[in-house]
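Here is a short tour for anyone who likes to look at a fold with the coordinates open. Let us walk from the annotated domain to the core, and then on to a helix and a loop.

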Amino acid sequence: MVKIGPIELSDFPLLLAPMEDVSDPPFRAVCKDNGADMMYTEFISSEGLIRDAMKSRQKLDIFDYERPIGIQIFGGDEEAMALSAQIVDAVNPDLLDINFGCPVKKVVTKGAGAAVLKDIDLMVRLTAACVRSTRLPVTVKTRLGWDTDSINISEVAERLQDTGIKALSIHGRTRSQLYKGNADWTHIARVKENPRIKIPIFGNGDIDSPEKALEYKNRYGIDGIMIGRAAIGYPWIFNEVKHFMATGEHLPPPDVGQRVEVIRKHLHKSIEWKGLVPGINEMRRHYNNYLKGLPNIKEFRLKLVTLRSVEEIDEVLDQINTAYTGFTFERRKIDMDSMAYSCG
Ligand SMILES: Cc1cc2nc3c(=O)[nH]c(=O)nc-3n(C[C@H](O)[C@H](O)[C@H](O)COP(=O)(O)O)c2cc1C
């Protein structure tokens with residue numbers, strides 16, 4: 001069993017990666033239904049939280065059925081991080097996660113996200129400030145280093161563990177790589193093999209199939225895997241990986257009925273959480289991902305992204321279900337490069 005402080009997870013947990021503009025409560029609901037063992041919110045600006053900015057506040061919304069759930073924050077200022085940790089504590093998630101991996105300009109130029117990888121002393125101070133300010137277990141998600149000449153994840157892991165963090169997730173890229181090239185898990189394996197490291201180490205980066213998940217589990221010896229892009233429009237990835245790890249066999253791809261049910265749940269959760277009009281609008285960017293692989297879907301999709309009433313959308317979903325009953329989906333090949341990326 002993998003333990004993060006008091007949180008008990010399975011022997012090899014699968015985590016849903018934090019993803020800005022993606023891993024909101026409606027998306028998390030369908031990932032939870034389909035096997036995600038632990039999930040995180042989108043990253044939340046510590047500065048935004050202490051200013052009480054609406055956008056940051058809303059990202060704190062969590063629900064009991066999501067547990068165990070982590071709230072992720074980022075920032076480069078000790079006091080703001082400490083205050084944010086207190087705000088997060090009051091919301092009572094299962095853990096507080098700190099983002100030291102976001103590569104995007106608007107974050108690193110403010111000395112936050114992956115920029116903190118350039119200054120391990122600062123990273124330690126920011127982390128320690130959070131650990132001191134909350135009773136929650138604190139975890140960190142980061143990258144290998146700033147660039148290939150400064151890969152410092154081994155030292156980062158040891159120093160962060162000494163501050164009292166309870167787990168570390170590592171995306172196997174440097175900041176300068178952004179999302180290019182392949183994630184290099186050999187550095188993650190080295191952290192895991194370090195006899196000084198006692199906390200769980202989760203590997204992250206490029207897992208897009210059950211085979212790859214099993215291969216990386218065996219090859220790199222990590223305690224669990226975090227999956228991001230491969231879950232977008234395809235929350236079934238979690239149970240598919242679990243089934244393959246347990247049996248060596250593939251689950252059949254979800255049929256059109258299962259896909260329509262997940263879309264419906266995502267839509268209705270979106271409306272429940274955001275309100276009718278914003279809920280319908282927010283859902284529009286997801287249909288394409290869910291419906292990939294269906295031939296001649298364009299007309300239906302066009303209706304889904306233009307209709308304004310939930311009854312009409314539900315009706316189109318019924319029509320899709322009927323039109324494609326019996327359709328056999330290929331096993332999914334995802335084009336990871338085409339998924340929108342941002343902060344981690
Ligand atoms: C759209 C998008 C948004 C992201 N937002 C965050 C974020 O808010 N916090 C974070 O730590 N990482 C964020 N990331 C990075 C992911 O958590 C993950 O580290 C990265 O996508 C690599 O994993 P993958 O290959 O399984 O997608 C984001 C990635 C994507 C694609």
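UniProt positions are given here in the numbering used for this chain, and such annotations may be inferred rather than shown by experiment. With that in mind, the unreviewed UniProt entry annotates residues 15-318 as "domain: DUS-like FMN-binding". The model is predicted. Across residues 15-318, helix makes up 48% of the chain and strand 13%, while the C-alpha atoms at the two ends lie 32 Å apart.

Now to the interior. The largest nonpolar core holds 96 residues, and Leu16, Ile73, Leu96, Cys130, Leu168, Ile225 and Ile227 are those with the most contacts inside it. Domain 1 (2-247) and domain 2 (256-323) each supply at least three residues to this core. In soluble globular proteins, nonpolar side chains tend to be buried together. Take Leu168: beyond its neighbours within four places in sequence, its contacts are Thr139, Val140, Ala157, Leu160, Ile199 and Ile201.

Helix α10 (residues 237-247) has Ile237, Phe238, Glu240, Val241 and Lys242 among its buried residues. The elements below are among those covering them.

| Covering element | Residues |
|---|---|
| β3 | 14-16 |
| α1 | 25-33 |
| α9 | 210-220 |
| β10 | 224-227 |

After α10 comes Gly248, with a positive phi near 75°.

Is Thr148, in the loop between β7 (138-143) and α7 (153-163), buried or exposed? Thr148 is exposed, because 12 other C-beta atoms lie within 10 Å, and a residue counts as exposed at 12 or fewer. The C-alpha atoms of Thr148 and Gln177 are 8.5 Å apart, although 29 residues separate them along the chain.

Definitions and conventions:
Residues numbered from 1 in each chain as written. Predicted model: local features only at pLDDT ≥ 70, side-chain atom pairs only at ≥ 80, totals over all residues. Helix = DSSP H or I, 4+ residues; strand = E, 2+ residues; numbered from the N terminus. Core = buried A, V, L, I, M, F, W, Y, C linked by C-beta atoms within 7 Å. Buried ≥ 20, exposed ≤ 12 C-beta atoms within 10 Å, placed from the backbone. Domains from an automatic or database assignment. Contact = placed C-beta atoms within 7 Å.
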